[in-house]
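Trainee: Before we discuss this chain, could you put its sequence and structure in front of us?

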Amino acid sequence: MFIQTETTPNPQTLKFLPGRVVLEQGTAEFLDADDADRRSPLAARLMGIDGVTGVFFGFDFITVTRDDTAWQHLKPAILAGIMEHFMSNQSVMADDAGHAPSGSDSGEEFYEPGDESIVATIKELIETRVRPAVAQDGGDITFKGFREGTVFLNMRGACAGCPSSTATLKHGIENLLRHFVPEVEAVEAVAA
């Protein structure tokens with residue numbers, strides 16, 4: 001098994017491409033060992049490596065976020081953990097994990113009842129134009145709400161805590177949404 005790695009715009013996060021499907025649908029994020037232990041044998045294995053602070057699964061990639069430990073010390077253990085997991089034919093998610101497809105993670109969406117058509121357009125643009133580009137960088141962005149001209153988005157994986165995430169939000173996503181949806185005035189990041 002050959003696992004490729006790619007850098008991401010976030011220097012604390014590295015993208016691992018195992019050459020196979022990681023999650024058939026949706027995404028999953030793990031920010032603590034207890035959550036990983038409950039929901040995913042692979043995430044638990046990776047979160048058990050000293051220096052790993054987060055794990056994110058996409059369709060065909062895994063992003064791992066580190067503390068200040070150097071990648072040269074972490075990368076061999078992460079590669080070995082991914083390889084051992086897939087070679088053992090274990091499932092990525094625990095059978096009873098009940099992980100929800102991305103876009104339906106914890107927290108309800110919010111917007112005014114009269115804004116359904118605006119929200120539908122925003123969601124379509126995020127699904128078709130934003131999320132594929134962000135997945136290339138090892139992250140994910142999901143819609144959380146729309147209120148008084150502001151779109152609220154949840155950034156996960158390599159996007160969370162990325163130094164360039166503000167530029168991505170303000171110059172990329174905000175400009176895109178404002179171009180197609182004149183009612184959008186601003187875009188803000190929110191926690192899940």
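What follows is a set of questions and answers on the sheet, the helices and two arginines.

Trainee: In what order do the five strands of the open sheet lie?
Mentor: We are looking at a predicted model, and in it five strands form an open sheet with antiparallel pairing. The edge strands, each pairing on one side only, are β1 (4–7) and β3 (28–30). Neighbouring strands are turned by 20° against each other on average, when direction is ignored. The order is β1-β2-β5-β4-β3.

Trainee: How many bridges join strand β4 to β5?
Mentor: Strand β4 covers residues 52–57 and runs antiparallel to β5. Within this pair, F57 stands opposite I62 in β5. Two strands count as paired from at least two bridges, and the number joining β4 to β5 is five.

Trainee: Which strands does helix α3 lie across, and at about what angle does it run to β2?
Mentor: Helix α3 comprises residues 71–87, and it lies across β1, β2 (13–17), β4 and β5. Its direction relative to β2 is given by an angle of about 30°.

Trainee: Is R66 buried or exposed?
Mentor: R66 lies in strand β5, which spans residues 62–66. Leaving aside residues up to four places away in sequence, R66 touches P11, Q12, G51, V52, T53, W71 and L74. Because its relative accessibility is 14% and the cut-off for burial is under 20%, R66 counts as buried.

Trainee: Which residue has its backbone oxygen 3.1 Å from a polar atom of the R66 side chain?
Mentor: The residues that R66 touches include P11 and Q12. A polar contact requires a pair of N or O atoms within 3.5 Å, and the distance of 3.1 Å to the side chain of R66 belongs to the backbone oxygen of P11.

Trainee: With which residue does the side chain of R39 make a polar contact of 2.8 Å?
Mentor: R39 lies in helix α1, which covers residues 33–39. With a relative accessible area of 18%, R39 is therefore buried. The contact of 2.8 Å joins its side chain to that of D35.

Trainee: How far apart are the end C-alpha atoms of the stretch from residue 3 to 89?
Mentor: An unreviewed UniProt entry annotates residues 3–89 as "domain: Scaffold protein Nfu/NifU N-terminal". Over these residues the chain is 36% helix and 26% strand. The C-alpha atoms at the two ends are separated by 16 Å.

Definitions and conventions
Residues numbered from 1 in each chain as written. Predicted model: local features only at pLDDT ≥ 70, side-chain atom pairs only at ≥ 80, totals over all residues. Heavy atoms only, no water. Helix = DSSP H or I, 4+ residues; strand = E, 2+ residues; numbered from the N terminus. Buried < 20%, exposed > 50% of the residue type's maximum accessible area, 1.4 Å probe, protein only. Contact = heavy atoms within 4.5 Å. Polar contact = N/O pair within 3.5 Å; in protein donor to acceptor, adjacent residues only side chain to side chain. Axes fitted to C-alpha atoms, helices over the stretch in contact; angles between N-to-C directions. UniProt positions renumbered as here; feature names shortened; annotations may be inferred.
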